[in-house]
Structures are given as C-alpha cells and as structure tokens.
Amino acid sequence: MKKLSALFTAAAMLFAVSHSANADDDTVYLYTWTEYVPSGLLDNFTKETGIKVIVSSLESNETMYARLKTLGKNGGYDVIAPSNYFVSKMRKEGMLMPLDHSKLPVIKELDPNLLNKPYDPNNTYSLPQILGAPGIAYNRDVVDSSKIGSWGDLWNAEYQDRLQLLDDAREIFNIALLKLGQDPNTTDPEVIKQAYEELLKLRPNVLAFSSDNPANAFVAGEVDLGMLWNGSAYIARKDGAPIDLLWPKEGPVLWVDTLAIPTTAQNPDGAHKLINYLLSAEVAKQLALEIGYPTPNLAAQKLLPPEMVNDSSLYPPAEILQKSYWQDDVGDAAIIYENYYQQLKVAK
C-alpha cells in the first residue's frame, strides 16, 4: 500500500530492542500495512501453531526502511511487508534473509505470472501477497469513456480542475514517462526533467492529490476522472459508486506488496510459518474480500465470488500483464523525482 509518512519514533526503537533481548519461539513480530490484518485474521495461526503474533503498523516503505537501517542488528521484526521496489533495494543492501522454499509449500498455489520478477529473481527473498496497479478511473455518469484510453488523454483541456492524481511521486511520474514513451524506472536526470515539464502542462487539470482513501473524492462527487488503484476503485464500485476503471493502452505500472524476512529476524522459523499461513488460500480469500485487492493465490481465487475474479478492471487480464511494467528501485534518482514532485504540487 503506497503512502508517505514521517520517520520512526523512539518508542518503536525501544520495542525492537526489547524484542531482541527477549526473543523466543512462541512469538512472531509482524510489521505490515494495517489494512492487511483485519480482525480475526491471525486467530487460527495461533491456534494451529501456538505462536503469538505481535503486529506493528507499517506506515510507508520509507519508514520501514529507515527503521530497520537505524536499528541494525537490534531490529525487532520477523516478517515485513515491503512493496516490490523496496524488495529490490533491500536485497541489494543485504537487508533480507533468503527464504527457505521448502518451508513454504504455499508457493505452488501462487500465480506463476507474478513470480520470478526482476525485483526478486526466483523469489529468493520475498513472496507476493497483494497485487496493485493504478488505472484511469472515471465517473461513468459524467465522463464519456470513448474519449479516454490513454494516460495522455488526461492532458485534455476539457478536464481542467477535474482530475485527482495519486499523492505519490513515482506513480505520477510514471504516467508522464509512459506518455513520452520512456521507461518509468528511468534514472536519467534529463528524462526525469522532461517528464516534470510534461506534468506541468497537466497541472491545470489537477484538482487534488490523494493516496489516503483516494476513492472518497470520486464517491463524494468532488472529482470525476483521474488515477485510482484497482482495489480502491473496486471497493467504491461495490459500495454503489458509479466508478469504472480502465487500463491505459500504454499499460499500467504494477506493484505488489510482499512478505519477507529481515536479516535481523529473531524467529525465522516462526516467520516462515506465518508467511505460509498469510499466503494460504483461505486466509488470502479473507483478505481479498476485506480490502478488494487481487490475491496472487490461484486456489484462493477459486474461492472468491466469480464476479470479483472475472472483473478485468480488478484482476488485470493476461494481455495487460504482458505489456505492464514493474515499478523498481531507482536508487539516488528517487530524490530527483521527489524534489520535482514537491515543485509540481505547489505549481498551478
């Protein structure tokens, strides 16, 4: 789940040090997105294994990364949930423990189309839990869908002050880079600058930036066109909002939230058991119904309502997946993106 927030607190640091000093095999410390642990989700795990799960809320990938870096060997988490582009970053920096696939039989249930991707070849360090991608969302009662099919259509002057974009630098630069025919994972400062200049042309159309319950503005009728993640659009539609979502012809930039084990984990055996449980069919089904986002577990998909898994705006079809991109780590270029993004937000 993509969000930005402040860095770690001293309280969290004390928690981790305390955990490190008192590690045991009866407890697993899970650091994940709040939405991904609905009430009762972990009850059966504790019943089946005798292992208690202590959950900490993950506010952003940036926060998680900074916290683990600062805590070092005293890090107190056994399972973490980095998005794929942070898996790429963290594995390169030696922050993730290789998974023992023999302890993860659930792998055979996962969609092979979502495995062995460039951010983690052979899934050595992570397994996918939730699939997400932004598409073009629109109010079907207001917007003529025949006029939209490309990210570039959002630049149309008739949409002045009518768009909402996700409040995320990389997500927004992705659409400009794709419009320009460029790699959305580029680290070239000149290409990033060109994308920024293209986004300045889009700025008059943008009424709001939001990644915190971004469908709310559509539901309230404050905006009728823009970017939404597939799961957000699905939940709003399920609640009766006239929101449809289409995949742009350039293809979306996909992300997955994964499960991984940091090298500082105190209970790696319990961590493997928890990952296997969280990705299992019944649990994956429960989570998909709760949050609306697609599950990579093919067995779980068979347990879901057909109208959900057959919704091509929620579960991208094979032809969309084939022309999609995967968001990846851009290293120090992330600062360039963020600086331009902050300038974009105050421009008009």
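The C-alpha centres of domain 1 and domain 2 lie 27 Å apart. The protein is divided into domain 1 (27–131 + 254–313) and domain 2 (134–251 + 323–346), with bounds that come from an automatic or database domain assignment. Between them, 22 residues of domain 1 are in contact with 17 residues of domain 2, where contact means heavy atoms within 4.5 Å.

This is a predicted model, in which local features need pLDDT of at least 70 and side-chain atom pairs count only at pLDDT 80 or more, while totals for chains, interfaces and linings use all residues. Residues are numbered from 1 along each chain as its sequence is written, and side-chain values use heavy atoms, with hydrogens and water left out.

**Two covered helices**

Helices (H or I, at least four residues) and strands (E, at least two) are DSSP runs, numbered from the N terminus. Seven of the nine residues of helix 4 (residues 84–92) are buried, so this helix is largely enclosed by the rest of the structure. Here buried means under 20% relative accessible area, exposed over 50%, and partly exposed in between, with a 1.4 Å probe and protein chains only. The buried residues of helix 4 pack against helix 3 (61–71), strand 3 (79–80), strand 4, strand 10 (253–260) and strand 11. Helix 3 is itself mostly covered, with eight of its 11 residues buried. A glycine with positive phi follows each helix, as the table shows.

| Helix | Buried residues | Glycine after the helix, phi |
|---|---|---|
| Helix 3 | Asn61, Thr63, Met64, Tyr65, Ala66, Arg67, Leu68, Leu71 | Gly72, near 55 degrees |
| Helix 4 | Asn84, Tyr85, Phe86, Val87, Ser88, Lys89, Met90 | Gly94, about 70 degrees |

**Two buried loop residues**

Ser324 is placed in the loop between helix 13 (318–322) and strand 11 (325–326). Its relative accessibility is 14%, and therefore Ser324 counts as buried. The side chain of Ser324 reaches the backbone oxygen of Ile320 at 2.5 Å. Leaving aside neighbours within four places in sequence, Ser324 is in contact with Pro252 and Leu254.

Val143 belongs to the loop between strand 5 (134–139) and strand 6 (163–165). This residue counts as buried because its relative accessibility is 7%. Not counting residues up to four places away in sequence, Val143 touches Tyr138, Ile148, Arg162, Asp224 and Leu225. Val143 and Lys103 are 40 residues apart in sequence, and their C-alpha atoms are 50 Å apart in space.

**Internal cavities**

Rolling a probe the size of a water molecule over the atoms shows where empty space is left. On a 1 Å grid over the protein atoms alone, a cavity is a set of points where a 1.4 Å probe fits but cannot get out, and lining residues have an atom within 4 Å of a point. Grid points are joined across faces, edges and corners, and a volume is the space filled by probe spheres set on the points. By this rule there are three cavities of 30 Å³ or more, and the largest cavity holds about 50 Å³ of space.

The largest cavity is lined by Leu110, Pro128, Gln129, Ile130, Leu278, Leu279, Ala284, Leu287, Thr295, Pro296 and Asn297. Strand 4 (126–132) and helix 10 (281–291) are the elements that give two or more residues to this lining. Strand 4 gives the most, with three residues. By class, the lining has eight nonpolar, three polar and no charged residues; Ala, Val, Leu, Ile, Met, Phe, Trp, Tyr, Cys and Pro count as nonpolar, Asp, Glu, Lys and Arg as charged, and the others, Gly among them, as polar.

Key:
Polar contact = N/O pair within 3.5 Å; in protein donor to acceptor, adjacent residues only side chain to side chain. 1 Å grid on protein atoms, 1.4 Å probe; cavity = no way out; pocket = protein on both sides within 12 Å on 5 of 7 lines; lining within 4 Å.
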